[in-house]
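Here is a colleague's note for a first reading of the model, set out as numbered points. Please keep the sequence and the structure open beside the text while you read.

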Amino acid sequence: DEHGFTLDEAVVTFFAAPHSYTSQDVVEIACHGAPVLLDYVVRAAMQRGARLAEPGEFTQRAFLSGRIDLTQAEAVHDLIAAQTLQQARVAAAQLGGAVARQIAPVKAQLVHLIAELEAGIDFAEDDLELMPQANILAEIDGIRTQLTALATTYSYGRIVRDGFTLAIVGRPNAGKSSLFNRLLERERAIVTAQPGTTRDPISERLAIGGVPVELVDTAGLRDAPTGPEGEAETLGILRTRERMAEADFVIHVIDATTFTAGALHPEDRATLSSLEGRPHQVVLNKCDMAATPRTSNVYLDTSAKTGEGIDALKAAILTALTGAAPATDSALLTNLRQHQAITDSVAALDAAHHAALDLIPHEMLLLDLHCALEALDRLTGVTSTDDILALIFSTFCIGK
């Protein structure tokens with residue numbers, strides 16, 4: 001320090017360009033992690049002309065230098081923010097260039113098609129044979145099919161990246177809190193035989209299939225007692241309906257011991273009606289105590305007490321929200337920007353397909369193909385506006 005005392009022993013590493021994270025000359029100082037020491041080193045560096053990095057500046061420099069593309073830069077943020085191993089696996093695959101590797105051959109096909117058509121136009125006076133309509137359609141459809149398949153991965157990639165909210169609803173004493181505890185694998189919610197035990201929604205975080213989930217246990221849906229004694233329960237039921245409306249997925253719990261096929265309780269029927277068109281799963285809980293088995297594949301047997309049907313329930317939730325999970329190392333679209341770029345490219349290819357069918361001149365057909373190519377360039381960052389870059393890297397922590 002300024003008094004000549006040795007405060008720490010550090011390891012200083014020099015990375016010569018282009019063999020560094022940013023592809024620039026970089027010096028890294030590794031010292032012990034005491035906050036006072038780290039603060040002193042940073043202040044000393046700033047006194048000698050350094051400045052604090054902007055959020056995401058190092059990754060942005062890596063992108064601008066061409067070391068990584070924009071999908072890989074976004075994966076750095078996702079990897080840092082990962083809360084589950086599955087999130088980390090998806091981010092690591094994207095950071096390794098999974099999306100870029102899948103896009104590269106598709107883009108090369110598109111560029112080749114554009115070049116062929118432009119050559120036919122430029123050298124028309126030299127009797128250069130134009131590409132037949134059937135060949136043009138086959139090329140466009142082949143490219144479009146690959147991009148459409150990539151676009152379908154967004155449903156899974158978005159859920160893995162952002163997680164989802166899961167609300168458990170049903171009539172009092174259907175076993176909602178018991179199911180909540182079973183999914184959490186610990187006793188979090190109070191369980192009693194007294195109806196209306198749960199008044200306020202209780203939420204906890206867990207992972208299902210590597211996907212982060214906010215699990216919400218709610219007050220039982222029924223006509224609450226009138227008067228002061230029912231006031232708290234009435235408010236709880238109101239909050240249940242609010243959380244049910246906000247949830248990405250709803251588990252509707254019915255007591256299997258009181259269930260009769262075709263004769264649902266009016267309150268259960270009203271809940272089912274409100275869930276029409278929304279991702280949900282109806283479960284017959286307490287199946288270990290039921291006298292007769294279920295008679296419809298609409299319902300799923302579960303027992304919060306024994307654990308029966310819990311794994312099947314988890315699988316049904318993930319399938320309903322994401323479809324079949326792709327291979328871990330496959331390319332996934334994980335955010336709206338990426339998905340929008342691919343859907344824009346597919347839309348332009350659709351327009352090109354119809355233009356080719358209608359025998360529209362190649363000059364006009366090429367406009368659609370160039371739009372498709374521009375959308376792919378936006379995906380990887382070959383063409384990016386300053387506003388897009390600012391939005392992406394502003395979400396990073398300082399030092400990345």
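1. Before the pocket is described, one convention is needed: Ala, Val, Leu, Ile, Met, Phe, Trp, Tyr, Cys and Pro count as nonpolar, Asp, Glu, Lys and Arg count as charged, and the others, Gly among them, count as polar. Please also bear in mind throughout that this is a predicted model.

2. With that convention, the lining of the largest pocket is made up of 16 nonpolar, five polar and five charged residues. The space in this largest pocket comes to about 1100 Å³, and of the 26 residues that line it, those closest to its centre are V27, E28, I29, R51 and F58. The elements that each give two or more residues to this lining are β2 (26–30), α1 (35–47) and α2 (57–64), and α1 gives the most, with five residues.

3. Turning to the strands, you can trace an open sheet of six, in the order β4-β5-β3-β6-β7-β8, with mixed pairing. Its edge strands are β4 and β8 (299–301), each of which pairs on one side only, and neighbouring strands of this sheet are turned against each other by 30° on average, if direction is ignored.

4. Strand β5 (residues 211–217) deserves a careful look, because six of its seven residues are buried, so that the strand is largely enclosed by the rest of the structure. Strand β4 (residues 202–208) runs antiparallel to β5, and seven bridges join the two; within this pairing, A207 has P212 of β5 as its bridge partner. The hairpin of β4 and β5 has two residues between the strands, and in it G209 takes a positive phi near 60°.

5. Strand β3 (residues 164–170) pairs with β5 in the parallel sense over five bridges, and T165 has E214 as its bridge partner in β5. With strand β6 (residues 249–255), β3 also pairs in the parallel sense over five bridges, and here G170 stands opposite V253 of β6.

6. Lastly, helix α13 (residues 362–380) has 19 residues and reaches 27 Å from its first C-alpha to its last, which is close to the 27 Å expected at 1.5 Å a residue. Which residues of α13 are buried? They are H362, L365, L366, L369, A372, L373, A375, L376, D377, L379 and T380. Just after α13, G381 takes a positive phi of about 95°.

Key
Residues numbered from 1 in each chain as written. Predicted model: local features only at pLDDT ≥ 70, side-chain atom pairs only at ≥ 80, totals over all residues. Heavy atoms only, no water. Buried < 20%, exposed > 50% of the residue type's maximum accessible area, 1.4 Å probe, protein only. Helix = DSSP H or I, 4+ residues; strand = E, 2+ residues; numbered from the N terminus. Pairing = 2+ DSSP bridges. 1 Å grid on protein atoms, 1.4 Å probe; cavity = no way out; pocket = protein on both sides within 12 Å on 5 of 7 lines; lining within 4 Å. Points joined across faces, edges and corners; volume = space filled by probe spheres on them. Expected span 1.5 Å × (residues − 1). Axes fitted to C-alpha atoms, helices over the stretch in contact; angles between N-to-C directions.
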